[in-house]
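Got your viewer open? Let's take a walk through this protein, one selection at a time.

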Amino acid sequence: MNNDETKSAGAHAVRALLKIVFSVLLAAAVHRAGAEVVVVRDAKPAAVIVTADHPSAVVHYAAQELVYHVERATGAKLTVVTESAAKSDARARIYLGDTSAARAAGIKAGTLAAESFVLRSQADVLFIAGNDGSGDPLERDTSAGTLFGVYEWLERDLGVRWLWPGELGTYVPKSRSISVRAIDATIAPRFFQRHLRTGLSFTSEHPALGFTAKAAEDYAKEQTVFLRRCRMGRSERMSYGHAFTDWWERYGKTHPEWFQLVNGKRGPAKSGARYSMCVSNPELHREIVARWKAKGASDFINVVENDILGLCECENCKAWDGPAPADAMKYYPPGSKVYGSRFVSDRYARFELAVQQLAAKENPNVTAIGYVYFNYFQAPTSGVKLNSHVLLGYCPSSGWYPRDDDEHAWYQRQWKGWGDTGARLFVRVNYFLDGYCMPYIFAHQFADDFQHDVRHGMVATDFDSLTGQWGTQGPNLYLLLRLHTRPDAKPDDLLAEYYSAFGPAAAPVKAYFDAWERYTMDNRPLLATAFADRIASRWRSWAKVAHRVFPTECFAQGETLLARAAEAAHGDRDATERVAFLQAGLAHAKLCSKVAGLLTLADPAATPERGAAALAELLAFRRANERKWIGNFNHNAWVEDLSWKLSKETKQAPDLYP
Ligand SMILES: [Zn+2]
């Protein structure tokens, strides 16, 4: 044997040894991270849920939610025990929250970021442990990491999907056995605030059009549970909103120079009118900071202008403005508030920056919150640079869906332009107030916007508002919620989840909503005509024109497609009930369109008598179907109040109305 051969034989032996060592290590690793944890076997519980001896309200609720969904999936009801009581229990375990076992495994739930959690499987054990606050688990300011961990696991390993509030909208695939797939992950929400304004406080002068009091209460409960399942909440308590609404009363006499100068006059044009501020005034900045400091110099300072255009005409404010872009008015219809106004985005950017920098001397972590809104919505043009301690709510005054391609691109450019200043951005749009209860579907265009914004720095959301039209607008709402936890997924993949809940009717239900999406997208000109005379508002009085946008005859195709879906669902109880839910939503929309045609305030000939019979039919339908949750009827009533010629009769409570 020569030297080379010796070397070679030695190397071979080392390689063989390494191979053995490696495979042993690999087996150990698989055993540690990947040993299968069986939770339910043949519809019998195979694991037990274990909490600390004194679990928090979040952990207690997380355990209930886990038991509920596993039982829906398998029929097996897991028991929940404390660590002390579980000592002699030899079954596999799901540890929830901050337990001694989790700590021994190195999971320090208390040190995780707010709302985050660890999912970790090892031999016969699944840990779901998150950062949990001490408050009500359903309250959006309670950090509910463990609860969110339970929902994440239910999605991953059981395929649970939440489509709409209530039991029917909770899709839990059936199975005889469940085991935990190997996992070791720490997961935090992608956005520090995930918020849909709940729409639970819509009220009407004609309450007979809405929910009965008990149904409203039950709907509120179901929707609250549902929104938490969709992981709505926030890690930061920030408050914002029009900041100077009472300043004229307080300071108008002593400091008129802090207020807008319009036509040579400081302050509101007339008594009681809205006004904007003289945002270039350094004394105003100092007062804003002084008031914030007096309240404790928190991490957020609110500099959101009042709910009006930026109007100050003083020389200093004008000197802060950048050149108006050539397309500044392109997408505002003549007659809109913004049309013809001065472009003042740069002055507001400089204002936000000035306040932030002044406040940072007191608290270097402070973030100034402003809006991009009205005539300071379009991205600035002067090259002004902001920073990540300026947080801006993107709040367009127009741009409702559906848009044409140019308009859609214009809106996205404004988001990107503001992002390019270095500011952080959050969505503060009103688009989900649109559409009334009609099958008004803009799911893909909305998802395109949302994902564009995510790619360009979106850190939080605040959608105004959830109107809860689950029976007709499911795909819009499913994407709205689901993109908050799966912002990078393909919209069609997410919609496929929604449709899969219809079982054998998935394809015809998809065809049904695709048809309404085409209808919505193709009818931009019709929408423009119907609303253009400004007798109707997209967010407030849709029911004035519902019959023009969705005339009675347009429902026939939808009815046919849903009849096909019902046929496909035949024999599958859940699928049949879900298709019936969509049928109820469509029937309701059709009745509303009919009443709109008879009672619309846009028709001078409309009288309450003319629509009385149709309205009675609609309200009888609502009473009979109010617990299906096809829609938040109080939102419908709120819209109809300002849309229809109604008699005093419907001013009664719905319980008393015949
Ligand atoms: Zn000014």
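## First stop: a strand in the middle of things

Start by selecting Arg 93 in strand 5, and you'll find it standing opposite Val 125 in strand 7. Keep in mind as you go that this is a predicted model. Now show strand 5 and strand 7 in full: the two run parallel and are joined by four bridges.

Next, add strand 3, residues 47–51. Strand 3 also runs parallel to strand 5, again with four bridges. Val 50 is the residue to click here, since it stands opposite Tyr 95 in strand 5. If you're wondering what holds such neighbours together, strands of a sheet pair through backbone hydrogen bonds, either parallel or antiparallel.

Turn on the side chains of strand 5. Which ones point which way? Ala 92, Ile 94 and Leu 96 go one way, while Arg 93 and Tyr 95 go the other. That fits the general pattern: in a regular strand the side chains alternate between the two faces of the sheet. Five of the five residues of strand 5 are buried, so the strand is largely enclosed by the rest of the structure.

## Second stop: helix 4

Select residues 145–158, which make up helix 4. How far apart should its ends be? At 1.5 Å a residue, its 14 residues should span 20 Å, and the end C-alpha atoms are 19 Å apart, which agrees.

Helix 4 is mostly covered, with 10 of its 14 residues buried. Try colouring some of them, including Phe 148, Tyr 151, Trp 153 and Asp 157. What does the covering? Among the elements over those buried residues are helix 2 (57–74), helix 5 (213–229) and your old friend strand 5. Before you leave, click Gly 159, just after the helix: it takes a positive phi of about 75°.

## Third stop: a three-strand sheet

Strand 10 helps to cover helix 4 too, and it takes us to an open sheet. Three strands lie there in the order 2-1-10, with antiparallel pairing. Strand 2 (44–45) and strand 10 (178–180) stand at the edges with a single partner strand each, so one side of each has no neighbour in the sheet. Select strand 1, residues 37–41, together with strand 10, and look for the three bridges between them. Val 38 is a good one to click, as it stands opposite Ser 179 in strand 10.

## Fourth stop: Leu 309

Now jump to Leu 309, in the loop between strand 16 (300–302) and helix 8 (315–319). Is it buried or exposed? Leu 309 is partly exposed, because 19 other C-beta atoms lie within 10 Å, and a residue needs 20 or more to count as buried. Leaving aside residues up to four places away in sequence, it touches Ser 276, Lys 337, Ser 341, Phe 374 and Asn 375.

## Last stop: zoom out

Colour the chain by its domains: domain 1, domain 2 and domain 3 (502–651). The C-alpha centres of domain 1 and domain 3 lie 40 Å apart. Where these two meet, four residues of domain 1 are in contact with four of domain 3. On the domain 1 side, the touching residues are three nonpolar, one polar and no charged.

Finally, take in the whole protein, with its 20 helices and 20 strands. Its radius of gyration is 29 Å, close to the 26 Å that the globule rule gives for 658 residues, so it is as compact as a globular protein of that length. Of those 658 residues, 46% count as buried.

Technical notes. Residues numbered from 1 in each chain as written. Predicted model: local features only at pLDDT ≥ 70, side-chain atom pairs only at ≥ 80, totals over all residues. Pairing = 2+ DSSP bridges. Domains from an automatic or database assignment. Contact = placed C-beta atoms within 7 Å. Nonpolar A, V, L, I, M, F, W, Y, C, P; charged D, E, K, R; others polar. Buried ≥ 20, exposed ≤ 12 C-beta atoms within 10 Å, placed from the backbone. Rg over C-alpha atoms; globule rule 2.2 N^0.38 Å. Expected span 1.5 Å × (residues − 1).
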